[in-house]
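Hi everyone, thanks for making time. You should have the sequence and the structure up in a moment, so do rotate along with me as I talk.

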Amino acid sequence: MSAYEHRTVLLRGGEVHSPADPFATAMVVERGHVAWVGSEGAADAFVSGVDEVVDLEGALVTPAFVDAHVHTTATGLALTGLDLSAADSLAEAADRIRAYAAARPADRILIGHGWDAARWPERRPPGRAELDELTGGRPLYLTRIDVHSAVVTTAMLDLVPGVRERDGFHDGQPLTGDAHHAVRAAAYAALSPQQRAEAQRAARQHAASLGIGTLHECGGPEISSEDDFTGLLDLARSEPGPRIVGYWADLDVERARALGALGAAGDLFADGSLGSHTACLHEPYADRSGAGVAHLDAAAVTAHVVGCTEAGLQAGFHAIGDAAVDAVVEGVRGAADKLGLARIRAARHRVEHAEMLSPESIAAFAELGLTASVQPAFDAYWGGENGMYADRLGVERARALNPYAALLRAGVPLAFGSDSPVTPLDPWGTVRAAAFHRTPEHRISVRAAFTAHTRGGWRAVGRDDAGTLVPGAPADYAIWRTGELVVQAPDDRVARWSTDPRSGTPGLPDLSPGGELPVCLRTVVFGQTVFVRPNE
């Protein structure tokens, strides 16, 4: 690795997306960093002093993407195992479950992901008796697409003593809450270290093939395991691939530090999810009684933020419903009252998902320096007047979700991610989802969305020196085959595009819905190539 990092490389003959020079066509990389960005004519002076010259042949070079919220092992298992996210019906899901079980006779436990009964004509998940029949009575753990509930076989339940007495167990319904967490822990504990490492490698390789240079791993005692988390960090240190920044969702701040986490953050649950009716709301759900589940109150948030700030770690919380978001805001404000606003802002604490926001909570995010770590694909999947969010909340409340434009106007830092495997790793699709949000007033420009998915992810981990291709920045970049580059007209984000080079703004691909997304040809992390598209 070190030998490669010290190679000096000149890339030329393409389009280099850099704020240092909107017309750049060439770039020099030296010792893992960007050394120079400029024009084709000036590039000639570097040819004799470099180890390699790469002819871009018109390709686009951008900073590598940062996915700010990923579950790496689960992503790898979905890539290599039973994935029901494309199943269009309960019947199709059943066929896939039966075939997968038959193909894996040696697996102690079958693990699958991605069912979404809200999209199926049957409008229900498979029942336990059905799953028992489909698997021949073997243990099966099968998560809903949002990963906040699961259906399981009888044999799986039998591996978890006392699970039927835990909160979240209701016979005949998907598992949620403590019952779900206990079963998930048992399922993942049954994976061998080799199975885990294979899944983690698959996820990192897939991310690299999409131009992603950094993944923010969101682990925790209710999500994965300590061995899974430390194993992933070790793998990332020892093998080429995207960087891994680890967050451990634990109120035990010192435990998070001991495990090598950047923060006691990520999916530290203040509530659950809308799809599973566990996001915590001020007003009840539209399609079921109840208003969700609160896992943390403001006092607990205050104590955690104070502990993290004093320990020099980031705090962060999973908060989706408006009541959960308000509890987090109130708690962070309480920490600011104790430690001073400047210390809280400097720590760059995070809120993951942050979907149901009010004007008041948006203003509070800005005041407290909270990063909104958000997933635009959630809107693409479940937004709109006929989507799952409208089913759960009614059209009026659903229309207010994921207000990216209001967050940007208020000065709230945005970091984009996928929550993979909840939605797939898909960086350009994520940028498109934000720019063409199903609710027009929440749309942001392609440029702002691209920034949130590159520089925004670096800023979310406290780094202001990365995520752009300027001299001195880490050489994390991707090379893309794409169509003509365009600059959106700022007064009419959807309809009018400019290709006039006199605009002085570096262009980006046209991401209008229906068009082809850019194809990644090469991904480089700290000067080291971690992906090359075959036959290119």
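Let me begin at helix 7, which covers residues 177-189. This is a predicted model, so please hear every value as computed from it. Helix 7 has 13 residues, and from its first C-alpha to its last it reaches 18 Å, close to the 18 Å expected at 1.5 Å a residue.

Now colour helix 7 by accessibility. Its buried residues are Ala179, His180, His181, Ala182, Val183, Arg184, Ala187 and Tyr188. What do these buried residues pack against? On the helical side, their partners are helix 3 (72-80) and helix 6 (154-158). They also pack against three strands, namely strand 9 (110-115), strand 10 (140-144) and strand 11 (150-152).

One of those buried residues, His180, leads us to a neighbour. Histidine 148 sits in the loop between strand 10 and strand 11, and His180 is among the residues that histidine 148 touches. Leaving aside residues up to four places away in sequence, the other contacts of histidine 148 are Leu175, Thr176, Phe269, Gly272, Ser273, Ser276, Thr278 and His318. Is histidine 148 buried or exposed? Its relative accessible area is 15%, and because buried means under 20%, histidine 148 counts as buried.

Just before helix 7 in the chain, there is a contrast. Aspartate 171 lies in the loop between helix 6 and helix 7, and with a relative accessible area of 58% it is exposed. Its C-alpha is 9.2 Å from that of arginine 128, although the two residues are 43 residues apart along the chain.

Let's turn to empty space. Rolling a probe the size of a water molecule over the atoms shows where such space is left. How many cavities of 30 Å³ or more does the structure hold? There are 2, and the largest cavity has a volume of about 120 Å³. It is lined by 16 residues, and those closest to its centre are Asp146, Ser273, Ile320, Phe378 and Trp382. You may remember Ser273 from the contacts of histidine 148. Helix 15 (377-382) and helix 16 (388-393) each supply at least two residues of the lining of the largest cavity. By class, that lining has 7 nonpolar, 5 polar and 4 charged residues.

Next, the second largest pocket, which holds about 350 Å³ of space. Its lining has 20 residues, and closest to the centre are Leu233, Ala236, Arg237, Arg243 and Ile244. Helix 9 (226-238) and strand 13 (243-248) each give at least two lining residues. Which element gives the most? That is strand 13, with 4 residues. The lining of the second largest pocket divides into 11 nonpolar, 4 polar and 5 charged residues.

Arg243 from that pocket is a good way into the salt bridges. The whole structure has 25 of them, and I'll show you three pairs and one network.

The side chain of arginine 243 meets that of aspartate 476 in a salt bridge, at 2.7 Å from N to O. Arginine 243 is in strand 13, while aspartate 476 is in the loop between helix 21 (455-459) and strand 19 (477-481), so the pair ties together parts that are 233 residues apart in sequence. Arginine 243 is partly exposed, at 25% relative accessible area, whereas aspartate 476 is buried, at 6%. While we are on salt bridges, Asp116, Arg119, Arg144 and Asp146 are joined into one network by bridges that share partners. Asp146 is also one of the residues closest to the centre of the largest cavity.

The second pair is glutamate 239 with arginine 201, at 2.8 Å from N to O. Glutamate 239 lies in the loop between helix 9 and strand 13, and arginine 201 in helix 8 (residues 193-209), so this pair ties together parts that are 38 residues apart in sequence. Both partners are partly exposed, glutamate 239 with a relative accessible area of 24% and arginine 201 with 31%.

Last comes arginine 164 with aspartate 158, whose closest N and O atoms are 3.9 Å apart. The cut-off for a salt bridge is 4 Å, so this pair is counted. Arginine 164 is partly exposed, at 37% relative accessibility, and aspartate 158 is exposed, at 51%.

That's my tour, and I'm happy to go back to any view you like.

How values were computed:
Residues are numbered from 1 along each chain as its sequence is written. This is a predicted model: local features need pLDDT of at least 70, side-chain atom pairs count only at pLDDT 80 or more; totals for chains, interfaces and linings use all residues. Side-chain values use heavy atoms; hydrogens and water are left out. On a 1 Å grid over the protein atoms alone, a cavity is a set of points where a 1.4 Å probe fits but cannot get out, and a pocket is an open set with protein on both sides within 12 Å along at least five of seven lines; lining residues have an atom within 4 Å of a point. Grid points are joined across faces, edges and corners, and a volume is the space filled by probe spheres set on the points. Ala, Val, Leu, Ile, Met, Phe, Trp, Tyr, Cys and Pro count as nonpolar, Asp, Glu, Lys and Arg as charged, and the others, Gly among them, as polar. The expected span of a helix is 1.5 Å times one less than its number of residues. Buried means under 20% relative accessible area, exposed over 50%, partly exposed in between (1.4 Å probe, protein chains only). Contact means heavy atoms within 4.5 Å.
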